[in-house]
Amino acid sequence: MPPLEAARCREVVLPSGWAPYAVAGDAAGNLWMTILTPPGLARFTPADTSVDGETAAAFRHERLPRGDGHPMLLTVASDGALWCTRTDDRLSRRDVSGDHTVIDLAPGSAPYGIAVAPDGEVWFTAPGLNQIGRVVTASGGITMVDLPVPGARAAMLTVDAAGRPWVALHATGALAHVHDGAVRIVELPSGRAPAAPVGIAASAAGIWYADIAGGCVGRVDPSGAVEMISLADPTCRPGPWGPMAVDPALSRNRLVGGL
């Protein structure tokens, strides 16, 4: 595997008091964030940064409708709609006009990971019920899928190019994916500690995951083989905060973007 190339990066300091959690980009070049404090969604528009680097005008914050939950992870659909999971057993969808739709889930769902499939349907994890779910966007219907491992603690989720959802099973040391209606388990190797995956991302080269316990990342290649890559710092805990990018080197509390 070729080494990671150095890249120019720009760090953007968020408004005072904000506690960002997850980040995703849209087709227009905006960055969207879930904000724990004050709870809501925020948009950063790089084009609105002043010539002297002032960023105050580039940020916009919106509170979530209905309930008092905090937003967790988020994803952007091909139609520009923003989806996020919430701590009050709900999903939120914000369309490009700014209108919100709130979807109530079963009590105790604790939705967390979320991703949009190529067909526009939305998959999410519900670790509180040991399930993953699918929103049929055309009808608004929800289908839940049981995980075959008790107490798996389904964390983040991604969808591959074939439309198959993959989920990191934090408490099980494994990944799971849905194929032809069945849930299949991929056991992960232990590194410096038993595997505890959280972050996960799909790419053309396979499914990448971040193992916060072992200080490593790994990849399930298209053949199903698992490759583990130990990072230099065994205590670095990659991928616990916000969705994992395919480049596992970018993991910070602040907003970082390439120039």
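A residue counts as buried when its relative accessible area is under 20%. By that cut-off F44 is buried, because its relative accessible area is 2%. The structure described here is a predicted model.

## Aromatic residues

A pair of aromatic rings is described by the distance of the centres and the angle of the planes. The structure contains three aromatic pairs. In one of them, the ring centres of W18 and F59 lie 5.6 Å apart and the planes meet at 80 degrees, so this pair is edge-to-face. The contact joins distant parts of the chain: W18 belongs to the loop between β1 (9-12) and β2 (19-25), whereas F59 belongs to strand β5 (residues 59-62), and 41 residues separate the two.

Another pair consists of F44 and F59, with ring centres 4.8 Å apart and planes at 35 degrees, so the arrangement is tilted. Here too, distant parts of the chain are linked, since F44 lies in strand β4 (residues 40-44) and F59 in strand β5, 15 residues apart. Together, W18, F44 and F59 form one aromatic cluster. W18 has a relative accessibility of 18% and therefore counts as buried. F59 is likewise buried, with a relative accessible area of 12%.

## Salt bridges

The whole structure holds 10 salt bridges. The table presents some of them.

| Residues | Closest N to O distance |
|---|---|
| E62 and R60 | 3.6 Å |
| E62 and R94 | 2.8 Å |
| D160 and R164 | 2.8 Å |

E62 thus takes part in a salt bridge with R60 and in another with R94. The bridge between E62 and R94 links distant parts of the chain: E62 is in strand β5 and R94 is in strand β8 (residues 90-94), 32 residues apart. E62 is buried, with a relative accessible area of 11%, and R94 is buried as well, at 6%. R60, by contrast, is partly exposed, with a relative accessible area of 45%.

In the salt bridge between D160 and R164, D160 is buried, having a relative accessible area of 10%, while R164 is partly exposed at 29%. Elsewhere, a network of salt bridges links R66, R86, D88, R90 and D104.

## A sheet of four strands

Which order do the strands of the open four-stranded sheet follow? The order is β14-β15-β16-β17, and the pairing is antiparallel. The edge strands, β14 (154-159) and β17 (182-187), each pair on one side only. From one strand to the next, the twist averages 25 degrees.

The antiparallel strands β14 and β15 (residues 165-169) are joined by four bridges. In one bridge, A154 has L169 of β15 as its partner.

## Cysteine residues

How many disulfides does the structure contain? The count comes to zero. A disulfide requires two cysteine sulfur atoms within 2.5 Å. For C216, the closest cysteine sulfur is that of C236, at 8.4 Å, which is too far for a bond. C216 is buried, with a relative accessibility of 0%. C84 is also buried, at 1% relative accessibility.

Methods
Residues are numbered from 1 along each chain as its sequence is written. This is a predicted model: local features need pLDDT of at least 70, side-chain atom pairs count only at pLDDT 80 or more; totals for chains, interfaces and linings use all residues. Side-chain values use heavy atoms; hydrogens and water are left out. Two strands pair if DSSP finds at least two bridges between them. Axes are lines fitted to C-alpha atoms, for helices over the stretch in contact, and angles run from 0 to 180 degrees between N-to-C directions. Rings of Phe, Tyr and Trp (its six-membered ring) pair if their centres lie within 6.5 Å; planes under 30 degrees apart count as stacked, over 60 as edge-to-face and the rest as tilted. Buried means under 20% relative accessible area, exposed over 50%, partly exposed in between (1.4 Å probe, protein chains only). A salt bridge is a side-chain nitrogen of Lys or Arg within 4 Å of a carboxyl oxygen of Asp or Glu.
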